[in-house]
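Visitor: I have a protein on screen and some questions about how its parts fit together. Please show it, and let us go through it step by step.

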Amino acid sequence: MGLEEKLPSGFLLTTVEQAAGWVRKASVFPATFGLACCAIEMMTTGAGRYDLARFGMEVFRGSPRQADLMIVAGRVSQKMAPVLRQVYDQMPNPKWVISMGVCASSGGMFNNYAIVQGVDHIVPVDIYLPGCPPRPEMLMDAILKLHQKIQSSKLGVNAAEAAREAEEAALKALPTIEMKGLLR
C-alpha cells in the first residue's frame with residue numbers, strides 16, 4: 001500500500017528530472033551537417049517514408065542557435081573541421097552529436113592527410129552510427145538510443161557530478177594502443 005493507491009485517479013507522480021528528461025527528449029531539433037553521401041540517407045530519414053516527425057524532429061534547423069543535435073553525416077575534411085567546431089560551439093547547451101557513417105566515425109576508406117580520421121577529434125560524439133552509408137532505419141535507431149540517453153540524463157548538481165565521474169572513468173580507461181586481443 002503506497003502513496004499511489006491513496007491518490008485519486010488522474011494524478012501522476014514523477015520527479016523533476018524525469019519530467020525534464022521526457023520534455024527534452026521530445027523536443028530535439030537537429031542541425032544538418034551533411035558532408036557526403038550519408039547526407040542523402042539523413043535527408044531520406046526526414047522524408048515521408050520514415051517520418052522523423054513522429055519524434056518531434058520534423059524540422060532540420062538551418063541555424064545552430066536553434067538546434068541541439070548535430071548529425072555529422074559523411075567525411076570531414078581538414079578544411080571543414082574548424083567550421084564544424086564553430087557550428088558546434090554556437091549550439092546552445094545541452095547539445096548532442098551523432099556521427100553518421102564510417103567516414104565521420106573513423107575516416108572510412110580515406111586514410112590520407114586531407115580527411116579527419118574521426119569527428120571525435122573535433123567535437124564530443126554521443127552516438128556512433130556505422131555503415132557506408134547507414135540506412136535511414138539505422139539513423140532512426142540511433143536517434144531513439146539518444147532519446148534514452150537524454151531522458152536518463154541528470155540535472156543541475158547531479159549533472160555536474162555525473163560529468164565528473166564520466167571524465168574520471170575515461171581517464172582511468174586503458175589506452176587503445178595498450179589493448180590486447182582483436183586489436184593487436
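Guide: Start with one term. A crossing is left-handed if the near helix is turned anticlockwise from the far one by less than a right angle, and right-handed if clockwise. Keep in mind that this is a predicted model.

Visitor: What is the handedness of the crossing of helix 2 and helix 6?
Guide: Helix 2 covers residues 16–25 and helix 6 covers residues 136–151. By the clockwise rule just given, their crossing is right-handed.

Visitor: How is helix 2 oriented relative to helix 6?
Guide: The axes of the two helices come within 8 Å and cross at roughly 150 degrees. Angles over 145 degrees count as roughly antiparallel. Helix 2 is therefore, relative to helix 6, roughly antiparallel.

Visitor: Which residues of helix 6 make the contact with helix 2?
Guide: Helix 2 brings Gly21, Trp22, Arg24 and Lys25. By class, the contact has 2 nonpolar, 3 polar and 2 charged residues. The helix 6 side is made by His147, Ile150 and Gln151.

Visitor: How are helix 3 and helix 6 placed to each other?
Guide: Helix 3 spans residues 38–46. Its axis is 8 Å from that of helix 6, and the packing angle is about 70 degrees. The range for roughly perpendicular is 65 to 115 degrees. The two helices are therefore roughly perpendicular.

Visitor: Which residues in helix 3 meet helix 6?
Guide: On the helix 6 side are Pro136, Leu139 and Met140. The contact has 4 nonpolar, 2 polar and 1 charged residues. From helix 3 come Glu41, Met42, Thr44 and Thr45.

Visitor: Which residues are linked with Glu41 in a network of salt bridges?
Guide: Side chains of opposite charge can pair when their charged atoms come close. Glu41 is one of the helix 3 residues that meet helix 6. Its partners in the network are Arg135 and Glu137.

Visitor: How many salt bridges does the count come to?
Guide: The rule needs a side-chain nitrogen of Lys or Arg within 4 Å of a carboxyl oxygen of Asp or Glu. Lys149 and Asp126 form one such pair, with the closest N and O atoms 3.0 Å apart. The count comes to 7.

Visitor: How many residues apart in sequence are the parts that Lys149 and Asp126 tie together?
Guide: Lys149 lies in helix 6. Asp126 lies in the loop between helix 5 (102–106) and strand 4 (127–129). The pair thus ties together parts whose separation in sequence, in residues, is 23.

Visitor: What is the relative accessible area of Asp126?
Guide: Buried means under 20% and exposed means over 50%. Lys149 falls in between, partly exposed at 37%. Asp126 is also partly exposed, with a value of 24%.

Visitor: What is the N to O distance in the salt bridge of Lys145 and Asp141?
Guide: Both residues lie in helix 6, 4 residues apart, about one turn of the helix. Lys145 is partly exposed at 44% relative accessibility, and Asp141 is partly exposed at 38%. Their salt bridge has an N to O distance of 2.7 Å.

Visitor: Which residue forms a salt bridge with Arg164?
Guide: Arg164 lies in helix 7 (residues 156–172), and its partner is 3 residues away in that helix, about one turn. The closest N and O atoms are 2.4 Å apart. The partner is Glu161.

Visitor: Where is Pro94, and what is the omega of the peptide bond from Asn93?
Guide: Most peptide bonds are trans. The bond from Asn93 to Pro94 is cis. Pro94 sits in the loop between helix 4 (81–90) and strand 3 (96–100), and omega is near -5 degrees.

Visitor: Which residue does a cis peptide bond join to Cys132?
Guide: Omega for this bond is about -20 degrees. The partner is in the loop between strand 4 and helix 6. It is Pro133.

Visitor: What is the phi of Asp51?
Guide: Most residues other than glycine have a negative phi. Asp51 is not a glycine, yet its phi is positive. Asp51 lies in the loop between helix 3 and strand 2 (69–73). Its phi is about 55 degrees.

Methods:
Residues are numbered from 1 along each chain as its sequence is written. This is a predicted model: local features need pLDDT of at least 70, side-chain atom pairs count only at pLDDT 80 or more; totals for chains, interfaces and linings use all residues. Side-chain values use heavy atoms; hydrogens and water are left out. Axes are lines fitted to C-alpha atoms, for helices over the stretch in contact, and angles run from 0 to 180 degrees between N-to-C directions. Angles under 35 degrees count as roughly parallel, over 145 as roughly antiparallel, 65 to 115 as roughly perpendicular and the rest as oblique. Contact means heavy atoms within 4.5 Å. Ala, Val, Leu, Ile, Met, Phe, Trp, Tyr, Cys and Pro count as nonpolar, Asp, Glu, Lys and Arg as charged, and the others, Gly among them, as polar. Buried means under 20% relative accessible area, exposed over 50%, partly exposed in between (1.4 Å probe, protein chains only).
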